[in-house]
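Biologist: Before I trust any label, I want the reasoning behind it. Take me through this one step by step.

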Amino acid sequence: MRCISECSNTSDTENDNENGDSEVVPPHCHITLKCTREIAGFNGLGEAVRRLDFRSSVRDGRRFNYVCALLRLLVSGKGITSLPGGAQRLLLQMLEEVATHVSDSQQNINVLRGLVQQLRALVNQENQKCWGKPLGSQTLWAEHVQTIQRIQDIASQIEIKEPGPNIRPKLHDLPEECVREIILRITDYKDLEASASAWSLMAALISEQRVWRELSHYHFTKQQIDVILEKMCLQDTKERHRNWQAIYHALRKMYGVREELQYAEILAFCRLCRCLFWPSAGHPCIVDQCPDFRQRVQEAGNSNNNETQPVPPAKFLQYFSLIIDYLNLIFLHGLGDTGHGWATSMGALRTADMKVICPTAPNMPVTMNGGFRLNSWFDLKSISISDPEDEEGIKKATRYVHELIQSEMKSGITSNRIMLGGFSQGGALALYAGLTFAEPLAGVMALSCWLPLHKSFPSVRKCPDTVPILQCHGDCDPIVFYKFGQLSSSVLKSFMKNSHFQTYQGLGHSSCDPELSDMKKFIDDHVPRQ
């Protein structure tokens, strides 16, 4: 393994030039796993960017969005300022390449505008610091400012022009079946919905059930689709009567969209030779050089069916000891549910720098369920203000949640970047655990729930009274009555300074898109961006 890594440090271009008949070696980069700056073989980001040919990848339509997502992570937070000067210069050159490509192609202008906005924020942030520390020297910073100014100038001068009358064919000149085939290749529902406003034929085609059926089968497994069909009482309904657009959005909210499917092409990692590469180009794998290597790996007991794995942008940066300041969201499910469903439904909230933890409650007898066993955080006799509560069970579950928080803090995440959330019984536990945790959390999001052991407050409160709390409740909830949520809110507001209760008209004991939007805004407003 080591000799391969050392050989890869030799310029591939030089090797190719020695023999004109040599085949071109595709862009790839061998890396050292779990590396630090103190050990031999430390991975250099600048070298990896060059070896993987990121600058040329900007002009590859399959790789453009992946490269831009990586740049967004580096420009936001403290990523770019923690790099050596040469790597900083290379990344800003990549950003300039993005701006030039967008200007030339007149596509993805919104992506460029987002990057430019982040660059402005970076300039404002770094201008307030003492130069010579984060970026190395005033000369280097002056060079960066000039590059950023060129990028801003390019972005400000872009004008999207309609193709001239002699440019044929235009999209609306194509036959309906051709337009349909184009639509069927769009994998992002936001692009689909935006395209519907282009003209009437596009809107009619996008409303076809086939489009949303294909999109559902592309992003989700048959088992996941069957679960949603059963939940929506569509299992026995004929295909033509199914609303596949509604089914897709239900799937998206429950399971989320896998990050590797959000890009036309995503970097891959070969487990056998520890190499990063673009799947469309391939890489010189050790298996090709040593045919019996796979057999030796299997004989050693290290067989793995997935010899390659996708590498999302945040994971790519981790290989180079660039740990993004993560936001940790611990979300607790309701009675009888599992963490799996909620973990993936948090995809609607998840950003590249967010880690979502959705544990599953232990299986136990539940009094309210006639003593039958369910996944439950604590025993429930009833959901009522006057009935006795399982105080011992609530406190035991609270200790478990506190241990989860402390485990994340030990890994280097500060408490003010950890947020608790939960639905129904999980929301009740999130409230109690958040209020009784001594360190200041980023906030607590409590959906369709109540405040357990409410009579013990405020005496048992340990958190600062400034911790933000968002309560969300539907006014038609038949399980945890809306009035119960209002009473809990009144108790919270009597000793917490930043508690907000949000009502959703017509909503039962479930979630909805406006609620998810409010949760996303709550996270953006209360998690410090570094």
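Biologist: Which residue stands opposite Leu447 in E10?

Modeller: Phe423 does. Bear in mind that this is a predicted model.

Biologist: What makes E9 and E10 a strand pair?

Modeller: Pairing takes at least two bridges. Five bridges join E9 (residues 418-423) to E10. The requirement is therefore met. The two strands run parallel.

Biologist: What kind of unit do E9, helix H20 and E10 make?

Modeller: A right-handed β-α-β unit, with H20 covering residues 425-435. The term right-handed applies because, with the strands pointing away from the viewer, the path from the first strand over the helix to the second runs clockwise.

Biologist: How do you know that E10 pairs with E11?

Modeller: Count the bridges again. There are four, in the parallel sense, and E11 spans residues 469-474. At least two are needed, so E10 and E11 pair. Within E11, Cys472 stands opposite Leu447.

Biologist: Why is E10 called mostly covered?

Modeller: Buried means under 20% relative accessible area. Five of the five residues in E10 (443-447) are buried, so the label holds.

Biologist: Which residues of E10 point which way?

Modeller: Gly443, Met445 and Leu447 point one way, and Val444 and Ala446 point the other. All of them are buried. In a regular strand the side chains alternate between the two faces of the sheet.

Biologist: Where is Ser448, and what is notable about its phi?

Modeller: Ser448 sits in the loop between E10 and E11. Its phi is near 50 degrees, a positive value in a residue other than glycine. Most residues other than glycine have a negative phi, and most peptide bonds are trans.

Biologist: Is Ser448 buried or exposed?

Modeller: Buried, because its relative accessible area is 0% and the cut-off is under 20%.

Biologist: Where does Asp53 lie, and why is it called partly exposed?

Modeller: Asp53 is in the loop between helix H3 (45-51) and helix H4 (54-57). Its relative accessible area is 31%. Buried would need under 20% and exposed over 50%, so Asp53 falls in between. Asp53 also has a positive phi, near 55 degrees.

Biologist: What kind of peptide bond joins Phe457 and Pro458?

Modeller: A cis bond, with omega about 10 degrees. Pro458 is placed in the loop between E10 and E11.

Biologist: How many disulfides does a search of the whole structure find?

Modeller: Zero. A disulfide is a covalent bond between the sulfur atoms of two cysteines.

Biologist: How do you know that Cys273 is in no disulfide?

Modeller: Its nearest cysteine sulfur, that of Cys270, is 3.5 Å away. A disulfide needs the sulfur atoms within 2.5 Å, so this pair does not qualify. Cys273 counts as buried because its relative accessibility is 4%.

Biologist: What about Cys275?

Modeller: The nearest cysteine sulfur to Cys275 is that of Cys273, 4.7 Å away. The limit is 2.5 Å, so Cys275 is in no disulfide. At 0% relative accessibility, Cys275 counts as buried.

Biologist: What is the strand order in the open sheet of four strands?

Modeller: E1-E3-E2-E4, with antiparallel pairing.

Biologist: Why are E1 and E4 called edge strands?

Modeller: Strand E1 (28-30) and strand E4 (308-310) each pair on one side only. On average, neighbouring strands of this sheet are turned by 25 degrees against each other, direction ignored.

Biologist: What makes E2 a partner of E4?

Modeller: Three bridges join E2 (residues 268-270) to E4. At least two are required, so they pair, and they run antiparallel. Phe269 stands opposite Gln309 in E4.

Biologist: Why is Ser489 called buried, and what does it touch?

Modeller: Its relative accessibility is 4%, and buried means under 20%, so Ser489 qualifies. Ser489 belongs to helix H21 (residues 482-493). Leaving out residues up to four places away in sequence, Ser489 touches Gln471 and Phe501.

Biologist: How many helices and strands does the protein have, and what share of its residues is buried?

Modeller: There are 22 helices and twelve strands. Buried residues make up 45% of the 530.

Definitions and conventions. Residues numbered from 1 in each chain as written. Predicted model: local features only at pLDDT ≥ 70, side-chain atom pairs only at ≥ 80, totals over all residues. Heavy atoms only, no water. Buried < 20%, exposed > 50% of the residue type's maximum accessible area, 1.4 Å probe, protein only. Axes fitted to C-alpha atoms, helices over the stretch in contact; angles between N-to-C directions. Contact = heavy atoms within 4.5 Å.
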